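I opened my notebook for this one and jotted down what I looked up, entry by entry. Pull up a chair and follow along.

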Amino acid sequence: MLMIQDIAQLRALIRQWRQAGERIAFVPTMGNLHKGHLQLVDTARQHADRVIVSIFVNPMQFGANEDLDKYPRTLEQDCQGLTEHGADAVFTPTPQLIYPRGLDVQTYVEVPLLGDYHCGASRAGHFRGVSTIVTKLFNLVQPDIACFGQKDYQQLAIIRQMVIDLSMPIEIIGVPTIRAEDGLALSSRNGYLTAEQRATAPALYRTLQWMKQQLNQGFSDLRTLEQQAKQQLAAAGFKADYINISNRQTLVPATDTTAALVILAAAALGNTRLIDNIEV
């Protein structure tokens, strides 16, 4: 696997692959890779001749009181996993390379409406940071396809819309959430949980499953169901940020006539913020 740190080297590699007529798949990550990330690489391999992964902890998508400095960086371990799963190259730029003029004067990309709810409502500027870095990386790598996890449901929807709006010739593939045996969605932030919190954490997904069951049985008072779910999480020790039953396409609050639903949730255990979702 090739290790790439500068843009000229990256572009030379991409040009070489293109001249050979090879199809390129891209998996952008922030590192600290787990089985969910590696599943993205496996999916990418199924759709392309070459797979390139980026590892970049993007400062633009972290808020003032979030965990940028303590976000785990495990490059050696990550590269071992990527090699085992057949990645052809890993791009590991520095913030100075990506934002040479600094964040304050960086041109940014923002997708309206889809980012107004859920995580966008409680993490100001987060999705602006996501869409900006993904656009920059897409411009650098110029992939045919890119793979993203469905655990970050809102992020995936925003990236899909951004690609459409900006006429990017990239196919976006959503990859189902990988879960631990007890149902907890795999996440880099799970490592922040204490042993006691880790034992409690699967209650988030169990609550979403219970909500889905209620909806499938005909419960139609969506706002009441959301409140009941928040109460369940509070009783389990969570502090819920949101639990929203939403339209699967627009992510706006669903009504009792909305056919395709997704339940989106974010809740904290101690200082660790967990997100999850389930389609109905």
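**Around helix α3**

I began just past α3, where Gly-86 has a positive phi of about 85°. A reminder to myself before going on: this is a predicted model.

Next I asked which residues of helix α3, residues 75-84, are buried. I found Asp-78, Cys-79, Gly-81 and Leu-82. They span an arc of only 160° around the axis, so they sit on the same side of α3. Then I turned to the other side of α3, where Glu-76, Gln-77, Gln-80 and Glu-84 are exposed. I also checked what covers the buried residues of α3, and the cover includes β1 (2-4), α2 (35-47), β3 (50-55) and β4.

**The largest nonpolar core**

Which members of the largest nonpolar core touch the most other members? The core has 43 residues, and I noted Leu-10, Ile-52, Val-134, Phe-138, Phe-148, Ile-159 and Ile-172 as the answer. I then listed the elements that each supply at least two residues of this core: α1 (7-19), β2 (24-29), β4 (89-91), α6 (126-141), β5 (145-149), α7 (153-165) and β8 (261-269). The largest share, eight residues, comes from α6.

I picked Leu-10 for a closer look. Setting aside residues up to four places away in sequence, Leu-10 touches Ile-4, Ile-52, Phe-91, Leu-140 and Val-141. Apart from the largest core I found another one, of 25 residues, and Ala-203, Ile-245, Leu-269 and Leu-274 are among them.

**α6 against α7**

How do α6 and α7 pack, and at what angle? Their axes are 11 Å apart and the angle is about 50°. Angles under 35 degrees would count as roughly parallel and 65 to 115 as roughly perpendicular, so α6 is oblique to α7. I logged the crossing of α6 past α7 as right-handed.

For the contact itself, I wrote down Phe-127, Val-130, Ser-131, Val-134, Thr-135 and Phe-138 on the α6 side. From α7 come Gln-154, Gln-155, Ile-158, Ile-159, Met-162 and Val-163. I was pleased to meet some names again here: Val-134, Phe-138 and Ile-159 were on my list of core residues that touch the most other members.

**Met-168**

I followed the chain to Met-168, in the loop between α7 and β6 (171-175). Is Met-168 buried or exposed? Its relative accessible area is 14%, which is under the 20% limit, so I entered Met-168 as buried. Leaving out neighbours within four places in sequence, I found Met-168 in contact with Thr-135, Phe-138, Met-162 and Val-163. Those four residues also belong to the contact between α6 and α7. I looked up one long-range pair as well: Met-168 and Ala-20 are 148 residues apart along the chain, and their C-alpha atoms are separated by 22 Å.

**Two positive phi values outside glycine**

My last entries concern Asn-32 and Leu-113. Asn-32 is a residue other than glycine, and I read its phi as positive, near 50°. I placed Asn-32 in the loop between β2 and α2. Its relative accessibility is 15%, so Asn-32 counts as buried.

Leu-113 is not a glycine either, and its phi is positive at about 70°. I found Leu-113 in the loop between α4 (95-98) and α5 (119-122). With a relative accessible area of 60%, Leu-113 is exposed.

Note on methods. Residues are numbered from 1 along each chain as its sequence is written. This is a predicted model: local features need pLDDT of at least 70, side-chain atom pairs count only at pLDDT 80 or more; totals for chains, interfaces and linings use all residues. Side-chain values use heavy atoms; hydrogens and water are left out. A nonpolar core is a set of buried Ala, Val, Leu, Ile, Met, Phe, Trp, Tyr and Cys residues joined through side-chain atoms within 4.5 Å. Buried means under 20% relative accessible area, exposed over 50%, partly exposed in between (1.4 Å probe, protein chains only). Contact means heavy atoms within 4.5 Å. The arc is that of the directions from the helix axis to the C-beta atoms. Axes are lines fitted to C-alpha atoms, for helices over the stretch in contact, and angles run from 0 to 180 degrees between N-to-C directions. Angles under 35 degrees count as roughly parallel, over 145 as roughly antiparallel, 65 to 115 as roughly perpendicular and the rest as oblique. A crossing is left-handed if the near helix is turned anticlockwise from the far one by less than a right angle, and right-handed if clockwise.
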